Amino acid sequence: MTITKSPLRRTAAQLALALGTQFCAASGLATQRFQADEWITECEPGTRADCSITVPFWQIAHGQKGSFALVVTLPTGNIGIVGQPYPVRAVLRVDKNPAIECRETRYCIFPTARAAAVVEQLATGALVLIDVYTAHGAFSFSLTPKGYQAGIAQIRAWGYRLSTR
């Protein structure tokens, strides 16, 4: 199945705004972008690591199409899921660690304290399980975090310092 990337980029950008991440690019400097597997790493130029890592995922389940993105904003450690149809609830688990859940319509943002643990788990994990619930159906996904891990390595290679929790 082919899904255009522009709606996924738009929803990822909307989540970044919803999470309160403000990227201020210095004049004339371009955003640095890296892709590993389906995971997309983007950093705005500057002295801080104003970076996000996004992975789009999609599925047709019971005749319902779902197109979503998991977004991790590194300066804040926030994690959210956006997409079409709008999620009303989502459950995220890395490996056999405890799952975290969000229950917000449109921008499903996970609680910050619990998201910090998941960010650490993504750095070393092997499997990401995501269940997204919409008003009209449920979607289940499994992803590998290897692209996320490669994105973190690329951010460091660009010379950005990531805050340690």
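**Group meeting: core and disulfides of a predicted chain**

Of the 165 residues in this chain, 44% count as buried, and I should say at once that we are looking at a predicted model. The accessible surface comes to about 8,500 Å², and 52% of that belongs to carbon and sulfur atoms.

Let me turn to the fold. The secondary structure amounts to three helices and 10 strands, which, read along the sequence, follow the pattern α-β-β-β-β-β-β-β-β-α-β-β-α. If we take the contacts between residues at least 6 apart in sequence, 52% of them join residues at least 24 apart.

Now the interior. The largest nonpolar core holds 35 residues, and those with the most contacts inside it are Phe57 and Ile130. Strand β3, spanning residues 50-61, gives the most to this core, with five residues. Leaving aside neighbours within four places in sequence, Phe57 is in contact with Ile130 itself, and also with Gly66, Ser67, Phe68, Ala69, Leu70, Ile81, Val132, Phe141 and Leu143.

Finally, the cysteines. The chain has two disulfides, and, with bonded cysteines counted along the chain, their pattern is 1-2, 3-4. In one of them Cys43 is joined to Cys51, with the sulfur atoms 2.0 Å apart; the torsion about this S-S bond is about 110°, so the disulfide is right-handed, and both Cys43 and Cys51 are buried. Cys102 and Cys108 form a disulfide with their sulfur atoms 1.8 Å apart, and this link, with 115° about the S-S bond, is right-handed. Cys102 has a relative accessible area of 2%, which is under the 20% limit, so Cys102 counts as buried; Cys108, at 0%, is therefore buried by that limit too.

How values were computed
Residues numbered from 1 in each chain as written. Predicted model: local features only at pLDDT ≥ 70, side-chain atom pairs only at ≥ 80, totals over all residues. Heavy atoms only, no water. Core = buried A, V, L, I, M, F, W, Y, C linked by side-chain atoms within 4.5 Å. Buried < 20%, exposed > 50% of the residue type's maximum accessible area, 1.4 Å probe, protein only. Helix = DSSP H or I, 4+ residues; strand = E, 2+ residues; numbered from the N terminus. Contact = heavy atoms within 4.5 Å. Areas by Shrake-Rupley, 256 points an atom, 1.4 Å probe, with all protein chains shown as cover. Disulfide = S-S within 2.5 Å.
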